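Welcome! Take a moment to turn the structure around on your screen, and then follow the tour below.

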Amino acid sequence: MGEMLSVKNIDVYYGSIHAIKNVSFHVNEGEIVTLIGANGAGKTTTMHAISGLLRPKNGEIIYCGQPIQKMEAHKIIRLGLSQVPEGRRVFSGLTVQQNLTLGAYIRNDGKEAIQDDYDRIFELLPRLKERRNQSAGTLSGGEQQMLAIGRALMCKPKMLLLDEPSMGLSPLLVKEIFRIIRDVNRDGVTVLLVEQNAKMALEIAHRAYVLETGCVKMEGDATELANNIEVRKAYLGC
């Protein structure tokens, strides 16, 4: 497996606040890699820098061999890198079907290919099929998260960025969301996962990085980090 994403020594500022400090990590093709850390550690800021919503002051972000740190977000999506944002951000006044259709707006591979992906997503997320004509704003939090994932998959991404997908969900729905992430990865989509539920994230990830106050403090095999004493005390509650 070759590197799909390489983040090299990036610095990101909010005004005078140095939010991300010389952060480096990589994601290999076919992996699930997770970034874990406390609130304010810089996880979402890192994701926004990768997806083009923030521009690093220094450093380089290479995706599929191409530098993207100065590229606009809509151009990055066209390269096959799609983000599921924190807070879902579905279009509440539109139906489930319309939200999914918006996810495919950049595609030009024909109606048949797009229909195949509708069918694939409805198979992966059967609740969305049941509610395809329902307004997204009337869905439960878990269903909205499923819709946000489905909408991102309609872009036909090579790599999916997931930002806090379990936030605000019941334990049962959290398990369902993580099952979906596993299934998406098995279908060939590389995943970068930002998640405060470190236990669940480390269970499904291949590798992990720990962010603290804008810096990478630890990295390694996800299972090894799950067994690390410092990680267990700080993030796993044991």
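Let's begin with a pair of strands: S7 and S8 (residues 190-194) run parallel and are joined over five bridges. Please keep in mind that this is a predicted model. From this pair we will look at the surroundings of S7, then at helix H4, and then at the whole chain.

**Strand S7 and its neighbours**

- Strand S7 spans residues 159-163, and five of its five residues are buried.
- In a regular strand, the side chains alternate between the two faces of the sheet.
- Are the two faces of S7 covered or open? Both are covered: Met159, Leu161 and Asp163 are buried on one side, while Leu160 and Leu162 are buried on the other.
- Strand S6 (residues 81-84) also runs parallel to S7, and four bridges join these two strands.
- To find the S6 pairing on your screen, look for Gln83, whose bridge partner in S7 is Leu161.
- For the S8 pairing, look for Asp163, whose bridge partner in S8 is Val194.
- Which helix joins S7 and S8 in a β-α-β unit? It is H7 (residues 171-186), and the unit is right-handed.

**Helix H4, a helix with two sides**

- Helix H4 covers residues 111-124, which makes 14 residues.
- From its first C-alpha to its last, H4 reaches 20 Å, close to the 20 Å expected at 1.5 Å a residue.
- The buried residues in H4 are Ile114, Asp117, Tyr118, Ile121, Phe122 and Leu124.
- Why are these residues on the same side of H4? They cover an arc of only 160 degrees around the axis, so they share one side of the helix.
- An α-helix has 3.6 residues a turn, so residues three or four places apart point the same way.
- On the other side of H4, you will find Glu112 and Glu123 exposed.
- What covers the buried residues of H4? The cover includes helices H3 (96-103), H5 (126-130) and H6 (141-153), together with H7.
- H7 is therefore a helix to look at twice, since it helps cover H4 and also belongs to the unit with S7 and S8.

**The whole chain**

- Stepping back, you can count 10 helices and 10 strands in the chain.
- The C-alpha atoms fill a box of roughly 45 × 40 × 35 Å along the principal axes.
- With 238 residues, a compact globule would have a radius of gyration near 18 Å, and the chain's 17 Å agrees with that.
- Of the 238 residues, 52% count as buried.
- Among contacts between residues at least 6 apart in sequence, 67% join residues at least 24 apart.

Definitions and conventions
Residues numbered from 1 in each chain as written. Predicted model: local features only at pLDDT ≥ 70, side-chain atom pairs only at ≥ 80, totals over all residues. Heavy atoms only, no water. Buried < 20%, exposed > 50% of the residue type's maximum accessible area, 1.4 Å probe, protein only. Pairing = 2+ DSSP bridges. Right-handed = clockwise from strand over helix to strand, strands pointing away. Expected span 1.5 Å × (residues − 1). Arc of directions from axis to C-beta. Contact = heavy atoms within 4.5 Å. Rg over C-alpha atoms; globule rule 2.2 N^0.38 Å.
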